[in-house]
Amino acid sequence: MALLRVRHCRALLYCRRVPPRCPACGGDLRCAGLAAAPVRLRNPFRHGHGQPRAFLIRPSRGTFLE
């Protein structure tokens, strides 16, 4: 499961799939150009008890299991 980072309108968006529109400003991400190109990050999902540092994230809607 890859995690993508998209930079747009001074916001960093983390998602599994790039949405068609920016949730922060509503702009079209498909025509945003190379500066807003998605970057694939290493899989951050690990068992937190075995890691020296961890932070929790949650989806804005639904669950990660959907």
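**Exercises on a predicted three-strand chain**

Asp28 counts as partly exposed, at 25% relative accessibility; buried means under 20% relative accessible area, exposed over 50%, and partly exposed in between (1.4 Å probe, protein chains only). This is a predicted model, in which local features need pLDDT of at least 70 and side-chain atom pairs count only at pLDDT 80 or more, while totals for chains, interfaces and linings use all residues. Residues are numbered from 1 along each chain as its sequence is written, and side-chain values use heavy atoms, with hydrogens and water left out.

**Exercise 1.** Find the partner of Asp28 in a salt bridge and state how exposed that partner is.

*Solution.* Step 1: apply the rule, a side-chain nitrogen of Lys or Arg within 4 Å of a carboxyl oxygen of Asp or Glu. Step 2: the rule gives a count of 1 salt bridge. Step 3: Asp28 meets Arg30, at 3.3 Å from N to O. Step 4: Arg30 is exposed, with a relative accessible area of 65%. Side chains of opposite charge can pair when their charged atoms come close.

**Exercise 2.** Describe the strands of the chain and how β1 and β2 pair.

*Solution.* Step 1: count helices (DSSP H or I runs, at least four residues) and strands (E runs, at least two), numbered from the N terminus. The chain has 0 helices and 3 strands, in the order β-β-β. Step 2: strands pair if DSSP finds at least two bridges between them; β1 and β2 are antiparallel over 5 bridges. Step 3: His8 has Ala11 of β2 as its bridge partner. Step 4: the hairpin has 2 residues between the strands, and Cys9 takes a positive phi near 45°.

**Exercise 3.** Determine which side chains of β2 are buried, then place them in the largest nonpolar core.

*Solution.* Step 1: in a regular strand the side chains alternate between the two faces of the sheet. Step 2: in β2, Ala11, Leu13 and Cys15 point to one face and are buried, whereas Leu12 and Tyr14 point to the other and are not. Step 3: a nonpolar core is a set of buried Ala, Val, Leu, Ile, Met, Phe, Trp, Tyr and Cys residues joined through side-chain atoms within 4.5 Å. The largest has 7 residues: Leu4, Val6, Ala11, Leu13, Cys15, Cys22 and Leu29. Step 4: β1 (3-8) and β2 (11-15) are the elements that give two or more residues to this core, and β2 supplies the largest share, 3 residues. Step 5: with contact taken as heavy atoms within 4.5 Å, and leaving out residues up to four places away in sequence, Leu4 touches residues including Leu13, Cys15, Pro38 and Val39.
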